[in-house]
Each structure stands twice: as structure tokens, then as C-alpha cells.
Amino acid sequence: DINGLDEDSLLAVKNSDSKVQLAFQWIQQIIVENISSGVLSIPPPILSRCFQELANGMVQFHEAVKVSTIPFPFPYAQTCDALLIFHWLLTPIINVQWVNSIWWSGVFSFVQVFILWSLNSIPVE
């Protein structure tokens, strides 16, 4: 809830370059302060599991940042596009050998090619 934060905290988040790490540190600090003041009286194994899950969340966040910042290799993308075009050209020829009607060959070819091109265009966005 944003109304639960004071102006200094909101300003700190707004001016921070690493907002997620700041919130992570605040959550850990609140947990530690409330344990030392007696508000949270939980056994150490549960407490260590809490910190472990928070750390696992940060590890996954950094993995997601790494995946989003590393560009997709250009030669690999061009090879995928070339293979999709090759598939687009050959699919009707192969499908007409398996079905009795040219109409069904067109339907099956369209479905196959459409699905593969759709799957290819999802990561482009």
C-alpha cells in the first residue's frame, strides 16, 4: 500500500536506480528489527527459511534481468527465419502427398505454418 510509506521513503524509491534491491533490503531490515524487538517470535529454522526464500526471489529476479538484457544472437535469428520460410514453402507440397484433397492440404499447411510463425513472433515482442 503506497499510503503506508512516508514521503522520504517514496522519494528514495523514486530516485533509486535499483528499486527492487531497495525494497528487498527494506523487507529484510523490517524482519530483523521486529525479531530483535520481540514482535516476531519465530523459531530460527523458520526464520532462516524466510530469508532463504527472499534470497531465492532476488536470484530469480537477477536471472530475469540477465535474460532480458542479453540480446538474441543475430545469426541464430536469421537461421530460424530461413528455416521458417523453407518450412512455409515445403509444407503444402508434403501435405498434398498425405491427404486426398488440395483443400485439406491448404488447411493443414496454414495451421502448421501459422502456429510456427506465431511462436516465432512471440519473443520478438
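Modeller: Rings of Phe, Tyr and Trp (its six-membered ring) form a pair if their centres lie within 6.5 Å; planes under 30 degrees apart count as stacked, over 60 as edge-to-face and the rest as tilted. This is a predicted model, in which local features need pLDDT of at least 70 and side-chain atom pairs count only at pLDDT 80 or more, while totals for chains, interfaces and linings use all residues. Residues are numbered from 1 along each chain as its sequence is written, and side-chain values use heavy atoms, with hydrogens and water left out.

Biologist: How many aromatic pairs does a search of the whole structure find?

Modeller: The search covers the whole structure. Its result is 3 aromatic pairs.

Biologist: Which kind of pair do the rings of Trp103 and Trp104 form?

Modeller: A pair of aromatic rings is described by the distance of the centres and the angle of the planes. For Trp103 and Trp104 the centres are 4.9 Å apart. Their planes stand at 80°, so the pair is edge-to-face.

Biologist: Which residue forms one aromatic cluster with Trp103 and Trp104, and is Trp103 buried or exposed?

Modeller: Trp104 has 43% relative accessibility and therefore counts as partly exposed, where buried means under 20% relative accessible area, exposed over 50% and partly exposed in between (1.4 Å probe, protein chains only). Trp103, at 57%, counts as exposed. The residue that joins Trp103 and Trp104 in one aromatic cluster is Phe108.

Biologist: How is helix α4 oriented with respect to helix α5?

Modeller: Helices are DSSP runs (H or I, at least four residues), numbered from the N terminus. Axes are lines fitted to C-alpha atoms, for helices over the stretch in contact, and angles run from 0 to 180 degrees between N-to-C directions. Helix α4 (residues 74-98) and helix α5 (residues 102-121) have axes 8 Å apart and pack at an angle of about 165°. Because angles over 145 degrees count as such (under 35 roughly parallel, 65 to 115 roughly perpendicular, the rest oblique), α4 and α5 are roughly antiparallel.

Biologist: Which residues does Ser105 touch, not counting residues up to four places away in sequence?

Modeller: Ser105 is found in helix α5 and is buried, with a relative accessible area of 4%. Contact means heavy atoms within 4.5 Å. The residues touched by Ser105 are Pro92, Asn95, Val96 and Val99.

Biologist: How are helices α2 and α3 oriented, and what is the make-up of their contact by class?

Modeller: The axes of helix α2 (residues 19-36) and helix α3 (residues 44-69) come within 11 Å and cross at roughly 175°. That angle makes α2 roughly antiparallel to α3. Ala, Val, Leu, Ile, Met, Phe, Trp, Tyr, Cys and Pro count as nonpolar, Asp, Glu, Lys and Arg as charged, and the others, Gly among them, as polar. By class, the contact of α2 with α3 has 13 nonpolar, 3 polar and no charged residues.

Biologist: What separates the C-alpha atoms of Ile35 and Leu47?

Modeller: Ile35 lies in helix α2 and is partly exposed, with a relative accessible area of 27%. Leaving aside neighbours within four places in sequence, Ile35 is in contact with Leu40 and Leu47. Ile35 and Leu47 are 12 residues apart along the chain, and their C-alpha atoms are separated by 9.3 Å.

Biologist: Which residues of α2 meet α1?

Modeller: The axes of helix α1 (residues 7-15) and α2 come within 8 Å and cross at roughly 145°. From α1, the contact involves Ser9, Ala12, Val13 and Lys14. The residues they meet in α2 are Lys19, Leu22 and Trp26.

Methods:
Helix = DSSP H or I, 4+ residues; strand = E, 2+ residues; numbered from the N terminus.
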